[in-house]
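The following exercises ask the reader to work from the coordinates to a description of the fold, its cores, its helix packing and a few individual residues. Each task is followed by a solution in steps.

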Amino acid sequence: MLGIAFIWGITFVVVQEAISRIAPFTFNFLRFGLAALLIFLFLLFNKKEKFTLKPLFKQLKVGSFLGLLLFFGYALQTFSLLHTTPGKSGFLTGLAVALVPIISYFILRQKPTYQGIIGVILAVYGLYLLAFTGVTTINLGDLFALLCSFAFGLQLVYTGKYSSQTSVLYLVLAQLLTVAVLSGIFALIYEPILRLETLSNSAVIVALLITSIFATAFAYIAQTFFQKSASPSKVALIFSMEPVFAALADYLWNGTTLSTRSIMGCLLILIGMLLAEIPFLRYFSLLKQKNQKVNM
């Protein structure tokens, strides 16, 4: 999971450069379409299990639902950037970290631990320090970003709910196909027709190859597989490391200076994630019991 956050974080710089040359819905159509094609080809030439349409149709209902949530997340994030600052959009989108434990409680009946709650609070405050550059009035873009966080939060929770009940590859294939189709429809409605010279641009090609292979096909297969054994709340906290890796990549790639505020934000997100991963309270309890036995 941390590896996925790392991939998403470091590819942010590559995607940002590509988006300046190609419209976002068109880019997502190509990105998710190529990722779906890769998974399809893997299933088609898989010697252990012959590809058939039956399991794909079986996963289509759940996969299209997850894909719809994922598409809304990306679409709302894109629209939010038209009306608000990247910092506010990033922070409000990152609130999915705090929303996932609440959504999990109502949908999965999973109660968050005290340690997990503290971790979420630290991570959210870290996101605020990392992304927010100032307090301004609330606008339409902020609302879109907040709805985006709900979409990503729901996608995480429902992936956790259905991942153990279905075939991972077919579920991810159905999900990615849904995002590709919806992105293609929105690209036709809202964006100019893709030109050949744009598609032949080296920055666009590199971004599409990296994101489709690693940040989409591999990432969503891994996420779906590992969510069989990890709670959505824990996954959300681990994924909160994405902006930390993005900030580090921006520093290493573009030489963007990290302020003291940004570094503090990164550290708080890291501490929040560690609180979710390491059961400190259990260790302290075991250590206390061991000391009591020694004293006896």
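**Exercise 1. Identify the residues through which helices H3 and H7 meet, and classify the packing of this pair.**

Step 1. The model is a predicted one. On the H3 side, the residues that meet H7 are Val 62, Phe 65, Leu 66, Leu 69, Leu 70, Phe 72, Gly 73, Tyr 74, Leu 76, Gln 77, Phe 79 and Ser 80. Their counterparts in H7 are Gly 141, Phe 144, Ala 145, Leu 147, Cys 148, Ala 151, Phe 152, Leu 154, Gln 155, Tyr 158, Thr 159 and Tyr 162.

Step 2. Two packed helices are described by the angle between their axes and the distance between the axes. For H3 (residues 53–80) and H7, the axes come within 8 Å and the crossing angle is roughly 155°. H3 is therefore roughly antiparallel to H7, since angles over 145 degrees fall in that class.

Step 3. The handedness completes the description: H3 passes H7 in a left-handed crossing.

**Exercise 2. Describe the secondary structure and the overall burial of the chain.**

Step 1. Counting elements gives 14 helices and zero strands.

Step 2. Of the 296 residues in the chain, 47% are buried. The accessible surface comes to about 15,900 Å², and carbon and sulfur atoms account for 71% of this area.

Step 3. Among contacts with a separation of 6 or more, 91% join residues 24 or more positions apart.

**Exercise 3. Locate the nonpolar cores and their most connected members.**

Step 1. The largest nonpolar core holds 60 residues, and those touching the most other members are Phe 32, Leu 176, Tyr 220 and Phe 239. Helix H8 (residues 168–190) supplies the largest share of this core, with nine residues.

Step 2. A second, separate core consists of nine residues, including Val 14, Val 15, Ala 18 and Val 204.

Step 3. To examine one hub, take Phe 239 and set aside its neighbours within four places in sequence. Its remaining contacts are Met 1, Ile 4, Ala 5, Trp 8, Leu 156 and Gln 223.

**Exercise 4. Determine how H8 packs against H2, and how H5 packs against H7.**

Step 1. The axes of H2 (residues 24–44) and H8 come within 8 Å and cross at roughly 150°. H2 is therefore roughly antiparallel to H8. This crossing is left-handed. The residues in contact include Phe 29, Phe 32 and Phe 40 of H2, together with Leu 173, Leu 176 and Phe 186 of H8.

Step 2. For H5 (residues 96–107) and H7 (residues 140–162), the angle is about 45° and the axes are 9 Å apart. H5 is therefore oblique to H7. The crossing is right-handed. Among the residues making the contact are Leu 99, Ile 103 and Ser 104 of H5, and Phe 150, Gly 153 and Val 157 of H7.

**Exercise 5. Is Ser 104 buried or exposed, and where does Arg 109 lie?**

Step 1. Ser 104 belongs to helix H5. Its relative accessible area is 0%, so Ser 104 is buried.

Step 2. Not counting residues up to four places away in sequence, Ser 104 touches Arg 109, Gln 110, Val 157, Pro 232 and Ser 233.

Step 3. Arg 109 is in the loop between H5 and helix H6 (114–131). With a relative accessible area of 58%, Arg 109 is exposed. Although not a glycine, Arg 109 has a positive phi of about 60°.

**Exercise 6. Assign burial classes to Thr 198 and Ile 205, and list their contacts beyond four places in sequence.**

Step 1. Thr 198 lies in helix H9 (residues 196–199). Its relative accessibility is 18%, so Thr 198 counts as buried, the limit being under 20%. Its contacts are Arg 21, Ile 22 and Val 204.

Step 2. Ile 205 is part of helix H10 (residues 202–226). A relative accessible area of 35% makes Ile 205 partly exposed. Leu 199 and Ser 200 are the residues it touches under this criterion.

Step 3. Finally, compare sequence with space for Ile 205 and Ala 18. The two residues are 187 residues apart in sequence, while their C-alpha atoms are 8.4 Å apart.

Technical notes. Residues numbered from 1 in each chain as written. Predicted model: local features only at pLDDT ≥ 70, side-chain atom pairs only at ≥ 80, totals over all residues. Heavy atoms only, no water. Helix = DSSP H or I, 4+ residues; strand = E, 2+ residues; numbered from the N terminus. Buried < 20%, exposed > 50% of the residue type's maximum accessible area, 1.4 Å probe, protein only. Contact = heavy atoms within 4.5 Å. Areas by Shrake-Rupley, 256 points an atom, 1.4 Å probe, with all protein chains shown as cover. Core = buried A, V, L, I, M, F, W, Y, C linked by side-chain atoms within 4.5 Å. Axes fitted to C-alpha atoms, helices over the stretch in contact; angles between N-to-C directions. Parallel < 35°, antiparallel > 145°, perpendicular 65-115°, else oblique. Left-handed = near helix turned anticlockwise from the far one by under 90°.
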